[in-house]
Amino acid sequence: NYRCRSAFKLLEIDDKFHILRPGYSVVDCGAAPGAWSQVAVQRVNSAGTKQNSPRGTVVGADLLHIPPLDGAHFLSSHDVTDPATGAKLQELLPGGQAHVLLSDMAPNACGFREMDQERLITMCLSLIDLADRILQPQGSLLCKLWDGRLTHHLQEKLSSAFGSVRPLKPNASRKDSAEMFFLAQMYRKPVR
Ligand code: SAM
């Protein structure tokens with residue numbers, strides 16, 4: 001009963017790396033229709049269904065409308081790459097900080113493969129600026145990209161901000177697609 005099959009990619013990655021824990025605060029970028037948020041709500045216990053576990057927080061944003069979900073707070077019609085959205089997300093997080101940033105964002109594909117890849121990489125790079133604002137020290141970032149010419153550029157940028165960066169291709173991701181993920185962990189927050 002997930003809103004979208006994409007849920008299985010996040011379940012698979014989280015079963016292996018345990019990035020979502022009860023009590024954690026999570027930001028879901030590009031959250032519509034809300035399947036990743038459903039997974040996050042269950043795993044961080046933000047709906048409070050597990051009474052003996054700490055209760056977490058899930059906040060999502062998307063350009064599109066995100067149908068309401070118990071345990072999540074959504075910002076529909078919001079561009080995650082816009083710093084104003086970062087400020088609003090921050091207000092919704094306890095202490096203004098998240099343990100985990102998730103991004104399954106994807107631009108509307110224009111059909112020119114390289115151009116689509118580059119637009120998505122640019123969106124991923126903007127997540128590093130968002131992390132600067134709302135990700136806790138030692139926090140994690142999971143982002144989707146389409147593998148291409150600039151993949152190593154993103155990997156380098158992530159490696160300069162995180163202690164560990166892993167490329168992932170979940171089984172639930174179609175073998176013939178360029179889709180892949182980076183899981184960046186142990187965020188080194190710049191000192192201000
Ligand atoms: N993870 C979602 C789920 O499991 O339900 C599916 C996400 S879908 C593959 C990609 C989403 O990214 C789309 O809903 C799209 O509107 C959103 N998106 C693309 N660019 C965005 C941006 N700049 N800001 C916010 N959302 C964006």
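**A seven-stranded sheet and its surroundings**

In this predicted model, S25 stands opposite T57 of strand β2. The two residues introduce a convenient pair of strands: β1 and β2 run parallel to each other and are joined over five bridges. Strand β2, spanning residues 57–61, has five of its five residues buried, so it is largely enclosed by the rest of the structure. The cover extends to both faces of β2, with T57, V59 and A61 buried on one side and V58 and G60 buried on the other. This division is a familiar one, because side chains in a regular strand alternate between the two faces of the sheet.

Stepping back to the whole sheet, seven strands are arranged in the order β3-β2-β1-β4-β5-β7-β6, forming an open sheet with mixed pairing. Its edges are β3 (72–75) and β6 (162–168), each of which pairs on one side only. On average, neighbouring strands of the sheet are turned by 15 degrees against each other, direction ignored.

At the β6 edge, six bridges link this strand to β7 (residues 179–187), and the two run antiparallel. S164 offers a good view of this part of the model. This serine belongs to strand β6 and stands opposite Q185 in β7. Leaving out residues up to four places away in sequence, S164 touches Q185 and M186. S164 is nevertheless exposed, because 12 other C-beta atoms lie within 10 Å, and a residue counts as exposed at 12 or fewer. A87, which is 77 residues from S164 along the chain, has its C-alpha atom 27 Å from that of S164.

A contrasting environment surrounds K144, the residue covered by the "active site" annotation in an unreviewed UniProt entry. K144 is placed in strand β5, which comprises residues 135–146. With 22 other C-beta atoms within 10 Å, K144 is buried. Beyond its neighbours within four places in sequence, K144 is in contact with S103, D104, M105, A106, E179 and F181. One of these, D104, also appears among the residues that come nearest to the ligand, together with S6, G30, A35 and V80. These five belong to a group of 23 residues around the ligand. By character, the shell around the ligand divides into 15 nonpolar, four polar and four charged residues.

Helices pack around this framework as well. Helix α4 (residues 113–134) lies across β1 (25–29), β4 (98–103), β5 and β7, and runs at about 170 degrees to β5. Helix α1, made up of residues 7–17, has A7, K9, L10, L11, I13 and D14 as its buried residues. The elements covering these buried residues include α2 (35–44), β5, β6 and β7. Just past the end of α1, H18 adopts a positive phi of about 50 degrees.

Turning to the record for the domain, an unreviewed UniProt entry lists residues 2–185 as "domain: Ribosomal RNA methyltransferase FtsJ". In the model, this span is 35% helix and 25% strand, and its end C-alpha atoms lie 26 Å apart.

Definitions and conventions
Residues numbered from 1 in each chain as written. Predicted model: local features only at pLDDT ≥ 70, side-chain atom pairs only at ≥ 80, totals over all residues. UniProt positions renumbered as here; feature names shortened; annotations may be inferred. Helix = DSSP H or I, 4+ residues; strand = E, 2+ residues; numbered from the N terminus. Buried ≥ 20, exposed ≤ 12 C-beta atoms within 10 Å, placed from the backbone. Contact = placed C-beta atoms within 7 Å. Pairing = 2+ DSSP bridges. Axes fitted to C-alpha atoms, helices over the stretch in contact; angles between N-to-C directions. Near = placed C-beta within 6 Å. Nonpolar A, V, L, I, M, F, W, Y, C, P; charged D, E, K, R; others polar.
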